[in-house]
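Me: I should like to learn how to read the features of a protein model, one at a time. Please give the general idea first and then the case at hand.

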Amino acid sequence: MVYRGPYRIRVEEKERPRIEHPNDAIVRVTLAAICGSDLHLYHGMMPDTRVGTTFGHEFIGVVDEVGPSVQNLSPGDRVMVPFNVFCGTCYFCERGLYSNCHNVNPNATAVGGIYGYSHTSGGYDGGQAELVRVPFADVGPTKIPDWMGSEDALMCTDALPTGYFGAQLGEISEGDVVVVLGAGPVGLYAAKSAWLMGAGRVIVVDHLDDRLELAARFAHAETCNFAQVDDVVVHLKRTTDHLGADVVIDAVGAEADGSLLQHVTGTKLKLQGGSPIALNWAIDSVRKGGTVSVMGAYGPMFSAVKFGDAMNKGLTIRANQCPVKRQWPRLFEHIRAGYLKPSEIITHRIPLDDITEGYHLFSRKLDGCVKPIVVPTAA
């Protein structure tokens with residue numbers, strides 16, 4: 001797929017990606033996914049998203065070609081590729097902060113490299129394609145275990161580890177009340193992960209009934225439709241003995257509904273780095289001294305966040321792009337043991353030739369679309 005401008009993508013033939021560095025590999029994509037954060041690009045919200053770019057930071061495939069320095073992979077290997085591009089040797093990578101790698105993104109000092117996520121994130125083409133160049137091939141990709149299904153592996157390239165990381169950053173203690181804002185894929189996985197970390201109650205908030213039903217079924221969570229209560233913060237306070245939740249996870253990010261003013265200034269006029277309404281709800285509904293974990297993606301501009309309330313409540317706010325590969329060992333254990341079945345949230349399987357329709361469905365949240373995946377071989 002190729003980006004042609006806001007709300008405009010199409011399928012085009014591009015030149016075959018080539019080995020540009022001895023550590024590169026070329027991967028033939030077998031499955032990719034459309035992420036909620038791809039919609040930020042699709043909606044024209046991410047700066048420096050250039051015409052001609054291919055999106056897609058969630059993909060798995062088969063190694064097609066390797067550079068002369070690659071030692072751990074060979075053509076024919078079935079691999080999963082984390083959404084982070086990282087070198088593995090810089091100050092940040094040595095500390096497991098792969099999403100903050102210092103050597104892969106000359107365009108920003110905060111975020112590292114991300115496949116298919118604008119030149120703000122390094123300008124790498126993504127995996128919603130037949131072939132993709134994978135830099136640092138001995139560092140990021142991992143051979144998919146024989147026992148793991150392809151769709152489960154695909155969910156391990158971003159959505160599942162990001163949700164798990166969101167629960168991890170919440171530092172959940174046994175018996176904690178955890179609120180998850182957003183019942184998209186990351187929110188669903190965060191809610192499911194919260195139980196694995198000892199939560200006593202998990203409450204998922206959204207305004208789409210089909211997603212809340214999935215939250216109840218997949219993550220065994222209590223649910224709240226914020227469109228059906230007068231004030232979601234007051235509602236959450238009432239359901240938590242008027243103290244507030246111990247941990248609130250923002251799994252929504254820049255395109256949150258719930259405030260017309262924030263939505264217009266954040267997503268339409270682009271006067272701030274997205275609508276921070278979910279983050280403000282998180283600050284307001286967590287208890288004093290509680291923890292807010294931010295997994296929702298926001299743009300690099302400032303946002304109108306209620307920082308004074310966060311300070312006065314003594315909150316801990318933790319956030320980062322997920323360092324995916326760091327989560328894999330524990331997630332693999334959970335999947336193999338049957339505690340997690342990541343592919344259960346996949347709702348649509350779309351041939352690459354029809355990806356334009358896939359973006360439309362996902363963007364408009366039509367046909368119960370929660371997690372669409374893209375199938376190049378079915379095109």
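Reply: Let us begin with burial: a residue is called buried when its relative accessible area is under 20%. Please keep in mind throughout that this is a predicted model.

Me: With that cut-off, how many residues of helix α8 are buried?

Reply: An α-helix has 3.6 residues a turn, so residues three or four places apart point the same way. Helix α8, residues 277-285, is mostly covered, with nine of its nine residues buried. They are Ile277, Ala278, Leu279, Asn280, Trp281, Ala282, Ile283, Asp284 and Ser285.

Me: Against which elements do the buried residues of α8 pack?

Reply: Their partners are β10, α6 (232-238), β13, α7 (260-268), β14 (286-294) and α9 (307-312).

Me: Why does Asp284 count as buried?

Reply: Asp284, which lies in helix α8, has a relative accessible area of 18%, and is therefore buried, given that the limit is 20%. Leaving aside residues up to four places away in sequence, Asp284 touches Val233, Lys237, Lys306, Asp309 and Lys313.

Me: How should I read a strand, and which way do the residues of β10 point?

Reply: For a strand, one may ask which side chains point each way and whether they are covered. In β10, Val177, Val179 and Leu181 point one way, while Val178 and Val180 point the other way, and all are buried. Strand β10, residues 177-181, is thus mostly covered, five of its five residues being buried.

Me: With which strands does β10 pair, and in what sense?

Reply: β10 pairs in the parallel sense with strand β11 (residues 201-206), over five bridges. Within that pairing, Val177 stands opposite Arg201 in β11. From β10 the chain passes through helix α4 (residues 185-196) to reach β11, and this β-α-β crossover is right-handed. β10 also pairs in the parallel sense with strand β13 (residues 245-250), over four bridges. There, Leu181 has Asp250 as its bridge partner.

Me: Which residues point each way from strand β17, and what are its pairings?

Reply: The same reading applies. From β17 (residues 372-375), Pro372 and Val374 point one way and Ile373 and Val375 the other, and all are buried. Strand β3 (residues 25-33) runs antiparallel to β17, and two bridges join them. Ala33 has Ile373 of β17 as its bridge partner. Strand β16 (residues 348-351) pairs with β17 in the parallel sense, over four bridges. Here Arg349 stands opposite Ile373. The chain crosses from β16 through helix α11 (residues 355-364) to β17, and this β-α-β crossover is right-handed.

Me: Where is Val63, and is it buried or exposed?

Reply: Val63 is in strand β4 (residues 59-66). Its relative accessibility is 3%, so Val63 counts as buried. The C-alpha atoms of Val63 and Val27 are separated by 4.4 Å, although these residues are 36 residues apart along the chain. Not counting residues up to four places away in sequence, Val63 touches Ile26, Val27, Leu73, Ser74, Pro75, Gly76, Asp77 and Val79.

Me: What should I look for in the backbone angle phi?

Reply: Most residues other than glycine have a negative phi, and most peptide bonds are trans. Glu171 has a positive phi, near 45°, and is found in the loop between α3 (159-169) and β10. Asp241 likewise has a positive phi, near 55°, and its place is in the loop between α6 and β13. Asp241 has a relative accessible area of 66% and is therefore exposed.

Me: How is empty space found, and what is the volume of the largest cavity?

Reply: Rolling a probe the size of a water molecule over the atoms shows where empty space is left. The count comes to one cavity of 30 Å³ or more, and the largest cavity has a volume of about 40 Å³. Val81, Pro82, Asn84, Val85, Phe86, Tyr115, Pro135, Phe136, Gly140 and Pro141 line the largest cavity. By class, this lining has eight nonpolar, two polar and no charged residues.

Me: Which residues lie nearest the centre of the second largest pocket?

Reply: Of the 27 residues that line the second largest pocket, Lys14, Glu15, Pro17, Ala129 and Leu131 lie nearest its centre. The space in this pocket is about 650 Å³. Strand β8 (residues 131-134) gives the largest share of the lining, three residues. The lining divides into eleven nonpolar, four polar and twelve charged residues.

Technical notes: Residues numbered from 1 in each chain as written. Predicted model: local features only at pLDDT ≥ 70, side-chain atom pairs only at ≥ 80, totals over all residues. Heavy atoms only, no water. 1 Å grid on protein atoms, 1.4 Å probe; cavity = no way out; pocket = protein on both sides within 12 Å on 5 of 7 lines; lining within 4 Å. Points joined across faces, edges and corners; volume = space filled by probe spheres on them. Nonpolar A, V, L, I, M, F, W, Y, C, P; charged D, E, K, R; others polar. Buried < 20%, exposed > 50% of the residue type's maximum accessible area, 1.4 Å probe, protein only. Pairing = 2+ DSSP bridges. Right-handed = clockwise from strand over helix to strand, strands pointing away. Contact = heavy atoms within 4.5 Å.
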